[in-house]
Amino acid sequence: MIEVQEITKQYGEKVVLDKVGMQFNRGKITSLIGGNGAGKSTLLSIISRLLSQDGGVVLVDEKNITEYKSKMLAQRLSILKQSNHIRLKLTVRELVSFGRFPYSQEKLTKEDIKMVDRAIDFLNLKEIEHSYIDELSGGQKQRAYMAMVVAQDTEYILLDEPLNNLDMKHSVQTMKIMRKLADELGKTIIIVLHDINFASHYSDYIVALKNGKIIYHDTTENIIQEDVLKDVFDINIKICEFDSKRICNYF
């Protein structure tokens, strides 16, 4: 389980996170929602140790994240950031293989190759696995990076706006894959989403941040309420139901 306790982060006079504390449910998808500057991506970066907090503690399986050696942490937790830039001339398969680095370094074992193949199949990349990353569309690149994270095969997966650059079809495919990873493989997924309808349809839990504080943390059903969402986003959102799922209309 991942737990954050009294996490604070400040840049000059601006408080980005203000004593944030919560637990993330194991084997479930938790979406972080909120307006720009709410602190979502900062929280994700601190949980993954890409960014240091000013105060508070992050626990992964009851152990302070600062006590993990980098290799061991990379076998427990993976993250996909918003911006990914690799300047090397790599094929999709070579990029995905990087996900196995925490286990076998540069020499892939049969198990590593099996995990790379599975990740490529998961993200429907078989047809382009030998294409170079710099020749792909934005959506194809995003799926390739996600496959790298899947190949890393960590219990905890952190995703910062993974639907960026994806069209509707591939956004749906990506979220279905996340659902499959949670339901069939027991992965714990924490995901920053701007599209409230994807959060509504695919999340088990939703955490709403505003001005650096968690203002709501509950099941998806209890968060996707008109009064709650108005408080989070400061706009009126009309909610209707379709196939037992709540759809948000904010246009």
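**Exercises on a predicted model**

The structure holds 21 salt bridges (a side-chain nitrogen of Lys or Arg within 4 Å of a carboxyl oxygen of Asp or Glu). The model is predicted: local features need pLDDT of at least 70, side-chain atom pairs count only at pLDDT 80 or more, and totals for chains, interfaces and linings use all residues. Residues are numbered from 1 along each chain as its sequence is written, and side-chain values use heavy atoms, with hydrogens and water left out.

**Exercise 1.** Determine which parts of the chain the salt bridge of Asp 61 with Arg 26 links.

*Solution.* Step 1: the closest N and O atoms of Asp 61 and Arg 26 are 3.1 Å apart. Step 2: Asp 61 lies in the loop between β4 (55-60) and β5, and Arg 26 in the loop between β2 and β3 (29-33); strands are DSSP runs of E, at least two residues, numbered from the N terminus. Step 3: the pair, 35 residues apart, thus links distant parts of the chain.

**Exercise 2.** Identify the strands at the edges of the sheet.

*Solution.* Step 1: four strands form an open antiparallel sheet in the order β2-β1-β4-β5, where pairing requires at least two DSSP bridges between two strands. Step 2: β2 (14-24) and β5 (63-64) each have a single partner strand, so they stand at the edges and one side of each lacks a neighbour in the sheet. Step 3: β1 (residues 2-11) pairs with β2 over seven bridges in the antiparallel sense, and Ile 2 stands opposite Phe 24 in β2.
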